[in-house]
Amino acid sequence: MEKLVIQGGKPLVGEVRISGAKNAALPLIAATLLAPGTHILHNVPDLRDTRTILKLLESLGITWRRQDTTLMIDSTHLTFSEASYDLVKTMRASVLVLGPLLARLGRAKVSLPGGCAIGARPINFHITGFEKLGVTCRLENGYVDAEIEGRMQGSTIYFDIPSVTGTENLLMAAVLAKGTTVIKNAAREPEIGNLIDMLTGMGAEIQGRETDRLEICGVERLSPADCTIIPDRIEAGTYLIAVGATGGEATIKGCNPAHLPSLLEKLRATGMEIKENADTIFVSADRRKGNGKLRSVDIKTMPYPGYPTDLQAQFMALMTLSSGVCVINETIFENRFMHVGELQRMGADIRTNGHTAVINGKGADGLCGAPVMATDLRASSSLVIAGLAASGRTEISRIYHLERGYEQMVDKLTRLGAEVWKEQE
Ligand code: EPZ
């Protein structure tokens, strides 16, 4: 296995270009199952997770090819409807094939994803939603075995919690159902807007984009898509925070500032300078420019447009370098503090109690390099940020977590002046 080595203490300076969003690419790749023919997706990141879902589609009979960041996916020969455990266990987002398979074939057998480091990650909202549309779902031997005779029948679905992939799965099921489906308390993440734009382009009829109430009028068939993946707001947020942690100054290019409403305000509250344009964000935390020390700022993770849970670990790393005490409240997942123990090994002063963490910032020189271990995707990026800011050498093991969601991170950080490389464990 490989580890990441960082010689910390260097400010990130310069420019970085953001890749396509992982959490948009996954549902949009799954949505190509809805219509036979060749779909074209632009700005698709090349990540461990996108390779996994493409392997899953291949196992269903689909063929694809990549040309730079453009994917051509031919879903004409959809001959199988089973997603095996050994594929799904590596990426729970594989459950996103359930909706399209039921819509296209009336049949789907998908392994239950099981939990992961950050929580139990159940899919009960997905299953209840499919059952409302007339699907029979049997849970046996760790699989969801779902089927329906003919087309699904539109209905009203209510989510207790605005589930992101739950909303996406039910959207993809409803677009080919008979009649109208209403999804209440739907998630409003920008990745769902990206999926709605793709489906509308394929001939679907969907009202309520960007609201928590979606109304889908089912159609008989859809045609292949030609659409573009939105920029990855979590990758952009990760680099913004990394510049803050290292006291640097940079331009984040090819991003969409409107997708980061909460983070940008929180970073401004720390004293960082943030300037937004249409598709770039200028960020400065240059202490010499009188941006002074980082102020401590509380965050509470919430569904979009609230503060994103996927940027909680990264912000915590930043706050370990602040000049005061702050509170971080994680309301989405039950176990998303796996990075705390590793940050403490680097000298951070953090106390947790259930879903709450109290961070006593120790100033810009508060961290020192150490060997640490990545446990999940966003925790690993939190350790990278800490390593970039810390004095001395940090070694991060199990960086396959990082490669699930950050394209060419070593190259992008190196261009920003970081001293970072990979070594064999
Ligand atoms: C999506 O996961 C993202 N993944 C996650 O990003 C992100 O953290 C999460 O949304 C929240 O924003 C993708 O889009 C591929 P949820 P998802 O369903 O859809 C509970 C990353 O780092 N719930 O919105 O699985 C659930 O346990 C990943 O890129 C149920 O109880 O999350 C959680 O507490 C990590 N039953 C809450 O709802 C269900 O059927 C929100 O989960 C579904 C969810």
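## Around the ligand and beyond: a predicted model

Q: How is the shell around the ligand split into nonpolar, polar and charged residues?
A: Keep in mind that this is a predicted model. Sorted by class, the ligand's shell holds 6 charged residues and 6 polar ones, and the nonpolar class contributes 10. So the split, with Gly counted as polar, reads 10 nonpolar, 6 polar and 6 charged.

Q: Which residues come nearest to the ligand?
A: There are 22 residues around the ligand. Five of those come nearest: Arg92, Asn124, Thr165, Asp310 and Ile332.

Q: Which domains supply at least three residues each to the shell around the ligand?
A: One contributor is domain 2, covering 22–228. The other is built from two stretches, 2–19 and 231–424. At least three shell residues come from each, so the names you want, going by the domain assignment, are domain 1 and domain 2.

Q: Which helix gives the largest share of the shell around the ligand?
A: Four helices each put at least two residues into the shell: H1 (22–31), H5 (124–132), H6 (164–174) and H12 (377–389). The largest share is 3 residues, and the helix behind it is H5.

Q: How far is the polar side-chain atom of Arg378 from an oxygen atom of the ligand?
A: Take the other polar partners as a warm-up: Arg121 places a polar side-chain atom 3.1 Å from a ligand oxygen, and Val164 uses a polar backbone atom at 2.8 Å from a ligand oxygen. For Arg378, again with a polar side-chain atom and a ligand oxygen, the distance is 2.9 Å.

Q: What percentage of the ligand's own accessible area does the protein cover?
A: Arg378 has a polar side-chain atom 2.9 Å from a ligand oxygen. On its own, the ligand has 830 Å² of accessible area, and the protein's cover over that comes to 89%.

Q: What distance separates the end C-alpha atoms of H12, and what span should its residues have?
A: H12 has 13 residues, and a rise of 1.5 Å a residue gives an expected span of 18 Å. The distance between its end C-alpha atoms agrees with that, because it comes out at 19 Å.

Q: How many residues of H12 are buried?
A: Buried here means under 20% relative accessible area. H12 is largely enclosed by the rest of the structure, because its count of buried residues is 13 of 13.

Q: Which side chain makes a polar contact with the side chain of Ser284?
A: Ser284 sits in strand S17, residues 280–284. With a relative accessible area of 0%, Ser284 is buried. Its side chain has a polar contact at 2.8 Å, and the partner is the side chain of Glu249.

Q: Which residue has its backbone nitrogen reached by the side chain of Thr167?
A: Thr167 belongs to helix H6 and counts as buried, at 0% relative accessibility. A polar atom of the Thr167 side chain lies 2.6 Å from the backbone oxygen of Ser163. That side chain also reaches a backbone nitrogen at 3.0 Å, and this nitrogen belongs to Ala187.

Q: Which kind of peptide bond, cis or trans, joins Tyr304 and Pro305?
A: Most peptide bonds are trans. Pro305 lies in the loop between strand S18 (299–300) and helix H10 (312–319), and Tyr304 is found in that loop too. Omega for the bond joining them is about 10 degrees, which makes it cis.

Q: Is Tyr304 buried or exposed?
A: The cut-off for buried is under 20% relative accessible area. Tyr304 has 16%, so it falls on the side called buried.

Q: What is the sign of phi at Asn43 and at Asn185?
A: Most residues other than glycine have a negative phi. Asn43, in the loop between strand S3 (38–42) and helix H2 (48–59), has a phi of about 60 degrees. Asn185, in the loop between strand S11 (180–184) and helix H7 (190–201), has a phi near 60 degrees. At both residues, then, the sign is positive.

Q: What is the relative accessibility of Asn43?
A: Partly exposed is the class between 20% and 50%. Asn185 belongs there, with a relative accessible area of 21%. Asn43 also counts as partly exposed, because its relative accessibility is 26%.

Technical notes. Residues numbered from 1 in each chain as written. Predicted model: local features only at pLDDT ≥ 70, side-chain atom pairs only at ≥ 80, totals over all residues. Heavy atoms only, no water. Near = heavy atom within 4 Å. Polar contact = N/O pair within 3.5 Å; in protein donor to acceptor, adjacent residues only side chain to side chain. Areas by Shrake-Rupley, 256 points an atom, 1.4 Å probe, with all protein chains shown as cover. Expected span 1.5 Å × (residues − 1). Buried < 20%, exposed > 50% of the residue type's maximum accessible area, 1.4 Å probe, protein only.
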